[in-house]
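Trainee: I should like to go through the terms applied to this structure and the reasoning behind each of them.

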Amino acid sequence: MPSSQTRGERWPEPALSVELGRRAFLGTCAARPDNCCSESDGRPQRSCELRVLFMSVLQTRCVGRRCLLARLGPGLPVRHIVPMGTTAKEEMARFWEKNTKSNRPLSPHVTIYKWSLPMAMSITHRGTGVALSLGVSLFSLAALLLPEQFPHYLAMVKSLSLGPALIYSAKFALAFPLSYHTWNGVRHLAWDMGKGFKIPQVNQSGVLVLILTLLSSAGLAAM
């Protein structure tokens, strides 16, 4: 085997380089048996096989690097490389220009869909989640900034002498997001377990969530 190869010749494949590395190491073992594993010196034969594998990996890495350098070479046409950001911007500009000229409707577009119970409940679930997050955040901020304690402001509300219907409605409005988000969250947990994905089951579970929400909200408002 020649010690060097010209630029125009093809380098060995990785599998061939592994075999070449193995043969080179075995040749070294034959020339210097004192450095290799044998059955007589008491060391296991597995150690010699691991050394052969290590030499083969090094040979493969060296050959792969030289093949890559030979293919690229110092004269790589860098002037033909276009930045990815510029190309992405141009493609996006063409896309929106095409859609603007064709007057296509945007998707998803709420006005082109027929409303259904799962669709409305999904949007309501997200809305109640946002409302609960904002409510808890505002209540916590008020507890930190207001000078008086909570009983003081509760007494102020009672002193307004509001009617029972108004108080019950306000309490129901506060309890509804919590109740709905809780029961619909249980519904989502059932979906996470792979249950209730059929269309009739989805509608039935949606109706059940609404009934439980109304009952629990009414119960909390009556307290």
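**Helix packing and the largest pocket**

Mentor: In this predicted model, the axes of α4 and α6 lie 9 Å apart, and the two helices pack at an angle of about 125°.

Trainee: Why are α4 and α6 called oblique to each other?

Mentor: Angles of 65 to 115 degrees count as roughly perpendicular and those over 145 as roughly antiparallel, with oblique covering the rest. The angle here is about 125°, and α4 and α6 are therefore oblique. The crossing of α4 past α6 is left-handed.

Trainee: Which residues of α4 and α6 meet?

Mentor: From α4 there are Met121, Thr124, His125, Thr128, Gly129 and Leu132. Their counterparts in α6 are Pro177, Leu178, Tyr180, His181, Asn184, Gly185, Arg187 and His188. By class, the contact of α4 with α6 has five nonpolar, eight polar and one charged residue.

Trainee: What makes α4 and α7 oblique to each other?

Mentor: Their axes cross at roughly 45° and come within 9 Å. Angles under 35 degrees count as roughly parallel, and 65 to 115 as roughly perpendicular. The value falls in neither range, and α4 and α7 are therefore oblique. Their crossing is left-handed.

Trainee: Which residues make the contact of α4 with α7?

Mentor: Leu117, Pro118 and Met121 of α4 touch Val202, Asn203, Gly206, Val207, Val209 and Leu210 of α7. These residues divide into seven nonpolar, two polar and no charged. Gly is counted among the polar residues, and Gly206 belongs to this contact.

Trainee: How do α6 and α7 cross?

Mentor: The axes of α6 and α7 come within 7 Å and cross at roughly 145°, and the crossing is right-handed. The contact of α6 with α7 comprises 16 nonpolar, seven polar and two charged residues.

Trainee: What is the volume of the largest pocket, and which residues are closest to its centre?

Mentor: The volume of the largest pocket is about 630 Å³. Its lining has 17 residues, and Leu154, Ile167, Ala170, Lys171 and Leu174 are the closest to the centre. The elements giving two or more residues to the lining are α4 (117–145), α5 (150–159) and α6 (164–192).

Trainee: Which element gives the largest share of that lining, and how do the lining residues divide by class?

Mentor: The largest share comes from α6, with seven residues. By class, the lining has 13 nonpolar, two polar and two charged residues.

How values were computed: Residues numbered from 1 in each chain as written. Predicted model: local features only at pLDDT ≥ 70, side-chain atom pairs only at ≥ 80, totals over all residues. Heavy atoms only, no water. 1 Å grid on protein atoms, 1.4 Å probe; cavity = no way out; pocket = protein on both sides within 12 Å on 5 of 7 lines; lining within 4 Å. Points joined across faces, edges and corners; volume = space filled by probe spheres on them. Helix = DSSP H or I, 4+ residues; strand = E, 2+ residues; numbered from the N terminus. Axes fitted to C-alpha atoms, helices over the stretch in contact; angles between N-to-C directions. Left-handed = near helix turned anticlockwise from the far one by under 90°. Contact = heavy atoms within 4.5 Å.
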